[in-house]
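The exercises below are meant to be worked through with the sequence and the 3D view side by side. Try each task before reading its solution.

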2 protein chains.
Amino acid sequence: MTEARGRKQATESGTAKPPMREAIVEAAFQLFLARGFEQTTIDDIVARAGVGRRSFFRHFPSKEAVVFPDHDRCLADMTRFLAADDDGHPVERVCEAARLVLRMYAENPEFSVQRYRLTRKVPGLRTHELAVVWRYERTLAQYLRTRFAGRPGGSLRADVIAAAVVAAHNNALRSWLRSGGDDDATAAMDEAMAYVRESFGDPGPPADVVVVVARRGAPMWRVVQEVEAAARGDSPT
Amino acid sequence: MTEARGRKQATESGTAKPPMREAIVEAAFQLFLARGFEQTTIDDIVARAGVGRRSFFRHFPSKEAVVFPDHDRCLADMTRFLAADDDGHPVERVCEAARLVLRMYAENPEFSVQRYRLTRKVPGLRTHELAVVWRYERTLAQYLRTRFAGRPGGSLRADVIAAAVVAAHNNALRSWLRSGGDDDATAAMDEAMAYVRESFGDPGPPADVVVVVARRGAPMWRVVQEVEAAARGDSPT
DNA sequence: CCAGGAATGGCACTCAGTACCCTCGATTAT
DNA sequence: ATAATCGAGGGTACTGAGTGCCATTCCTGG
């Protein structure tokens with residue numbers, strides 16, 4: 001015991017992680033899955049993890065927070081990602097930021113699925129998840145607000161697009177989680193983000209414009225065919 | 001005292017409201033605004049309201065819930081509204097449903113503004129408000145899901161549009177609340193809902209389509225002129 | 001006048017979260 | 001080398017939210 005605690009892994013890559021955090025998370029999940037969230041007390045968790053009660057609250061601000069141990073880091077990642085590079089379409093950028101979150105879930109499929117089953121059942125965890133997601137949404141909205149600064153409805157656009165991105169991400173994520181992690185998470189995400197991009201066409205003058213040039217007197221079925229092809233995005237024939 | 005408690009107002013319209021609920025809410029708000037939310041205990045509230053501690057939790061499930069006393073009724077109103085009538089454009093319908101919520105806020109401007117100042121400052125109240133708003137969003141999404149049933153991306157559309165409506169509503173509501181209730185709440189809401197309708201054009205072919213018919217080899221400035229005219233919605237020349 | 005039910009008040013209890021202080025081990029200054 | 005310091009962890013006691021249980025009261029129907 002003394003030798004296992006002694007070394008702090010100074011030769012590791014930058015972040016020397018305390019193993020106690022992981023021990024708490026693991027003990028908590030085992031108990032939550034076995035007995036249920038509200039049937040498990042903090043004392044149960046710290047007893048199983050072999051740590052002091054006070055240490056639990058040193059690492060997690062609440063009993064609910066232990067279920068979402070990696071979101072602080074992920075939010076920091078997203079913030080850095082958005083602050084880094086400011087060119088390109090804003091909507092594309094927030095869609096990419098949302099992919100960061102999905103990737104984080106996909107890194108630990110079994111953990112994510114277990115957590116999903118927990119949050120679905122326990123109201124307190126659902127509420128806490130809402131607070132977590134809300135921080136992502138506010139981060140995206142804040143970024144969009146700076147990009148839309150000056151435009152008349154900029155704040156409105158920022159809020160609505162951020163909410164749409166988060167909702168689309170959650171929809172794709174949930175369908176993946178419901179499949180038990182078997183489906184391809186990226187496929188559903190692609191469809192979800194495509195719908196967002198389609199809805200909020202980025203440079204967005206009034207609306208997407210399709211131009212079809214036809215001879216006067218051309219047969220109507222040909223015109224319709226060309227319009228449909230153009231709306232699909234095909235190159236002009 | 002005995003005579004004031006005696007009558008239950010049987011001659012009132014259907015809902016005979018117990019005055020104790022209102023007394024608790026009023027006492028709670030006075031204390032929250034004076035000392036702050038977390039500096040006020042349940043015992044403080046019930047002492048000021050002149051009721052028993054147990055009665056508080058009979059009317060409100062938590063300390064936070066007393067700050068949102070009318071949302072249960074409003075959510076029931078929205079549910080009934082959406083269940084009532086099922087024709088017309090789904091997007092229009094959820095926009096109207098969102099107006100119900102705004103109207104509820106606008107009925108008591110000073111109360112809504114005071115609550116806004118509280119929720120902005122207290123993290124626990126922000127979280128609780130998220131849970132409240134989430135129920136509205138889920139109700140809207142559930143309605144849209146039934147309306148979009150069968151369509152390929154129906155669930156995705158439902159979630160995204162519901163989130164957009166809620167975000168647009170919140171944007172309009174917040175700008176009204178920040179003005180202290182002085183602005184016209186309906187004006188901002190109209191703009192917000194217009195943006196939603198514009199983004200999710202209802203029957204939604206892929207996108208708005210402008211068709212311009214021109215002769216092959218026509219001068220480009222004429223083509224551009226016609227495209228611009230069509231995009232403005234002018235009748236074809 | 002008397003059941004009986006609904007609303008209320010009064011405890012006592014569990015448990016989350018916090019404040020305060022102690023211990024131990026490692027690093028550094030003298 | 002020894003002492004001072006510092007940081008991570010452990011322990012104890014406390015506050016306050018939320019719940020279960022039971023007594024009381026008031027209101028209603030027989």
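**Exercise 1. The surfaces near the DNA**

Which helix gives the most residues to the surface near DNA strand D? Work through the surroundings of both DNA strands, keeping in mind that this is a predicted model.

*Solution.*
Step 1. Begin with DNA strand D, which is surrounded by 17 residues, the closest being A:Gly52, A:Ser55, B:Ile42, B:Ser62 and B:Lys63. Helix H4 (53-59) of chain A and helix H4 (53-59) of chain B are the elements that give two or more residues to this surface.

Step 2. H4(A), with four residues, gives the most to the surface near DNA strand D. Sorted by class, the residues of that surface are six nonpolar, five polar and six charged.

Step 3. Turn to DNA strand C, around which there are 16 residues, with A:Ser62, A:Lys63, B:Gly52, B:Arg54 and B:Ser55 as the closest. The elements that give two or more residues here are H4 of chain A and H4 of chain B.

Step 4. For DNA strand C the largest share, four residues, comes from H4(B), and the classes are six nonpolar, five polar and five charged residues.

**Exercise 2. The make-up of chain A**

How many helices and how many strands does chain A have? Describe the chain as a whole and then place A:His71 in it.

*Solution.*
Step 1. Chain A has 11 helices and zero strands, so its pattern, read along the sequence, is α-α-α-α-α-α-α-α-α-α-α.

Step 2. Of its 237 residues, 30% count as buried. When the contacts between residues at least 6 apart in sequence are considered, 59% of them join residues at least 24 apart.

Step 3. A:His71 is found in helix H5 (residues 71-84) of chain A. Its C-beta atom has 18 others within 10 Å, and A:His71 is therefore partly exposed. Along the chain A:His71 and A:Ala167 are 96 residues apart, and their C-alpha atoms are separated by 17 Å.

**Exercise 3. Two packed helices in chain B**

At roughly what angle do the axes of helix H5 and helix H8 of chain B cross? Use the angle to describe how the two helices run, and then list the residues that meet.

*Solution.*
Step 1. Two packed helices are described by the angle between their axes together with the distance between those axes. For helix H5 (residues 71-84) of chain B and helix H8 (residues 123-147) of chain B, the axes come within 11 Å and cross at roughly 5°. H5(B) is therefore roughly parallel to H8(B), because angles under 35 degrees count as roughly parallel.

Step 2. From H5(B), the residues B:His71, B:Leu75, B:Met78, B:Thr79 and B:Leu82 meet B:Val132, B:Arg135, B:Tyr136, B:Thr139 and B:Tyr143 in H8(B). The residues of this contact are six nonpolar, three polar and one charged.

Step 3. The buried residues of H8(B) include B:Tyr136, B:Thr139 and B:Tyr143. The buried residues of H8(B) pack against H5, helix H6 (90-107), H7 and H9 of chain B.

**Exercise 4. Helix lengths and burial in chain B**

What span should the 25 residues of H8(B) have at 1.5 Å a residue? Check the span, compare it with the case of H9(B), and then look at single residues.

*Solution.*
Step 1. The 25 residues of H8(B), at 1.5 Å a residue, should span 36 Å, and the end C-alpha atoms are 36 Å apart, which agrees.

Step 2. For helix H9 (residues 154-178) of chain B, which has 25 residues, the expected span is 36 Å, and its end C-alpha atoms, 36 Å apart, agree with this. Because 20 of the 25 residues of H9(B) are buried, the helix is largely enclosed by the rest of the structure. After H9(B) comes B:Gly180, with a positive phi near 80°.

Step 3. B:Arg145 lies in helix H8 of chain B and is partly exposed, with 17 other C-beta atoms within 10 Å. Neighbours within four places in sequence aside, B:Arg145 is in contact with B:Gly154, B:Ser155 and B:Ala158. B:Arg145 and B:Asp159, 14 residues apart in sequence, are 8.0 Å apart in space, C-alpha to C-alpha.

Step 4. B:Phe111 belongs to helix H7 (residues 109-121) of chain B. With 15 other C-beta atoms within 10 Å, B:Phe111 is partly exposed. B:Phe111 and B:Val67 are 44 residues apart along the chain, and their C-alpha atoms are separated by 9.9 Å.

How values were computed. Residues numbered from 1 in each chain as written. Chains lettered and ligands numbered in written order. Predicted model: local features only at pLDDT ≥ 70, side-chain atom pairs only at ≥ 80, totals over all residues. Axes fitted to C-alpha atoms, helices over the stretch in contact; angles between N-to-C directions. Parallel < 35°, antiparallel > 145°, perpendicular 65-115°, else oblique. Contact = placed C-beta atoms within 7 Å. Nonpolar A, V, L, I, M, F, W, Y, C, P; charged D, E, K, R; others polar. Near = placed C-beta within 6 Å. Expected span 1.5 Å × (residues − 1). Buried ≥ 20, exposed ≤ 12 C-beta atoms within 10 Å, placed from the backbone.
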